[in-house]
Amino acid sequence: MHKEVILITGSSGQLGTVLAEKLQEKYGIENIIATDLRKNSTFNGLFEILDVTDYEAIKAIVLKYKITQIYHLAAILSANGEKNPLNTWDINMKTFFNVLEVARIHKIDKVFFPSSIAVFGNNIERLNTPQFSNLTPSTVYGISKVAGENWGKYYFDKYGLDVRSLRYPGIIGYQSLPGGGTTDYAVDIFHKAVKNESFECFLDAETMLPMIYMDDAIRATLELMDAPKEKITVRTSYNISGLSFNPDQLAASIKEVYPDFKITYSPDFRQEIANSWPMSIADTEARKDFNWKPKFNINLLTEVMLKNIALKYN
Ligand code: AKB
């Protein structure tokens, strides 16, 4: 087995911050090249400033470090993406094309592309949404993810490039903050609770969405990337399920620890996005192909989030 050297784009983002650390533990700190437009002050390891819209800049890093795998996390998320749709399309697609092309030309072994539950839109079964559903997304972010999934499959079919992908639910972790998504409330709420502040939720009380705890999201990613090539039967992107809840249920679970916690509701434009997304996800193919199984339920997630966020503020 040859040495893996991994490039991560968007490594200062919500998922990248934690994934970079896990990859360092797995492959050695000297074999992970974290990149983003800015560096997190707490980051420890090899880091390069990288604008992924710049093909030559990616190529230079790939050659400099003899990169063998790329985790391409840089993207504009669902809610922020709606503020400037054409720019979102440009950034999300251009960066992925650059990654696909550099990977094809320089014979990168594996590419990871994060897709999202945002690929689904109206006219799906919203409960236990199956893998092979209609993909008519309601956001430009979702449109770019559907296109990205298909481009990943195209590069696999046409050039044999081993592109793998997961459709992440909303990711919930204490280590980093999300930015510009529709599921962000489910992280922000914990910070308010720990600071003894009330929380104004931008979705209504009943809005059930698929979510996943950070540890589960990372484990799913590593399990997918470690799976033998012949086991990967879905070359667009795998549905993965963590858990599902609505803001009212999450607030109730927080109140078990912080009985005085208060939540109010003031839905904004993100409500409409959430209404077009699944309420829960069927992940039969991921379970079959790489033995996916989530570990975190709502009470465990709440307990771990509150405990770790409290440590940050104290
Ligand atoms: C978002 O809300 O945009 C993301 C996602 C579900 O892809 N968290």
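**Exercise 1. Find the residue that stands opposite I70 in β5, and describe how β5 is placed between its partner strands.**

Solution.
Step 1. I70 has V111 of β5 opposite it. The model used throughout these exercises is a predicted one.
Step 2. The pairing of β5 with strand β4 (residues 69–72) is parallel and rests on 3 bridges.
Step 3. Strand β6 (residues 162–168) also runs parallel to β5, and 7 bridges join the two. Within this pairing, S116 stands opposite Y168 in β6.
Step 4. For burial, 6 of the 7 residues of β5 are buried, and the strand is mostly covered.
Step 5. Together with α5, the strands β5 and β6 make a β-α-β unit that is right-handed.

**Exercise 2. Give the strand order of the open sheet of 7 strands and state which strands stand at the edges.**

Solution.
Step 1. The order is β3-β2-β1-β4-β5-β6-β10, and the pairing is parallel.
Step 2. The edges are β3 (46–49) and β10 (238–239); each has a single partner strand, so one side of each lacks a neighbour in the sheet.

**Exercise 3. Work out the surroundings of β2: its partners, its bridge pairs and the burial of its two faces.**

Solution.
Step 1. On one side, strand β2 (residues 32–36) pairs with strand β1 (residues 6–9) in the parallel sense over 3 bridges. I8 stands opposite A34 in β2, and L7 has I33 as its bridge partner in β2.
Step 2. The pairing of β2 with β3 is parallel too, over 4 bridges. Here A34 has F47 of β3 as its bridge partner. A34 thus appears in a pair with I8 and in a pair with F47.
Step 3. The buried residues on one face of β2 are I32, A34 and D36; on the other face they are I33 and T35.
Step 4. Because 5 of the 5 residues of β2 are buried, the strand is largely enclosed by the rest of the structure.
Step 5. The connection from β1 to β2 includes helix α1 (residues 14–27), and the three elements make a right-handed β-α-β unit.

**Exercise 4. Describe the open sheet formed by 3 strands.**

Solution.
Step 1. The order of the strands is β7-β9-β11, with mixed pairing.
Step 2. At the edges are β7 (170–172) and β11 (243–245), each pairing on one side only.
Step 3. From one strand to the next, the twist averages 45°.
Step 4. Strand β9 (residues 209–213) pairs with β11 in the antiparallel sense, over 3 bridges. L209 stands opposite F245 in β11.

**Exercise 5. List the residues around the ligand and sort the shell by class.**

Solution.
Step 1. The residues are L77, S78, S116, I117, A118, Y141, Y168, G170, G181, T182 and T183.
Step 2. By class, 5 of them are nonpolar and 6 polar, with no charged residues.
Step 3. Compare with Exercise 1: S116 and Y168, which stand opposite each other in the β5 and β6 pairing, are both among the residues around the ligand.

**Exercise 6. Locate N123, N291 and A74, and decide whether each is buried or exposed.**

Solution.
Step 1. N123 sits in the loop between β5 (110–116) and α5 (140–159). Its phi is positive, about 70°, although the residue is not a glycine. N123 counts as exposed because it has 11 C-beta neighbours inside 10 Å, and the cut-off for exposed is 12 or fewer.
Step 2. N291 lies in the loop between α10 (284–290) and α11 (298–313). N291 is likewise not a glycine, and its phi is positive at about 55°. With 10 C-beta neighbours inside 10 Å, N291 counts as exposed.
Step 3. A74 belongs to the loop between β4 and α3 (78–81). A74 has 25 C-beta neighbours inside 10 Å and therefore counts as buried; the cut-off for buried is 20 or more.
Step 4. From A74 to M208 the C-alpha distance is 27 Å, and the two are 134 residues apart in sequence.

**Exercise 7. Check the overall dimensions of the protein chain against the rule for a compact globule.**

Solution.
Step 1. For 314 residues, a compact globule would have a radius of gyration near 20 Å; the protein chain has 19 Å, which agrees.
Step 2. Along the principal axes, the C-alpha atoms fill a box of roughly 55 × 45 × 40 Å.
Step 3. Of the 314 residues, 46% are buried.
Step 4. The secondary structure comes to 11 helices and 12 strands.

Technical notes: Residues are numbered from 1 along each chain as its sequence is written. This is a predicted model: local features need pLDDT of at least 70, side-chain atom pairs count only at pLDDT 80 or more; totals for chains, interfaces and linings use all residues. A residue is near a molecule or strand if its C-beta atom, placed from the backbone, lies within 6 Å of it. Ala, Val, Leu, Ile, Met, Phe, Trp, Tyr, Cys and Pro count as nonpolar, Asp, Glu, Lys and Arg as charged, and the others, Gly among them, as polar. Two strands pair if DSSP finds at least two bridges between them. Axes are lines fitted to C-alpha atoms, for helices over the stretch in contact, and angles run from 0 to 180 degrees between N-to-C directions. A crossover is right-handed if, with the strands pointing away from the viewer, the path from the first strand over the helix to the second runs clockwise. The radius of gyration is taken over C-alpha atoms; the globule rule is 2.2 Å times the number of residues to the power 0.38.
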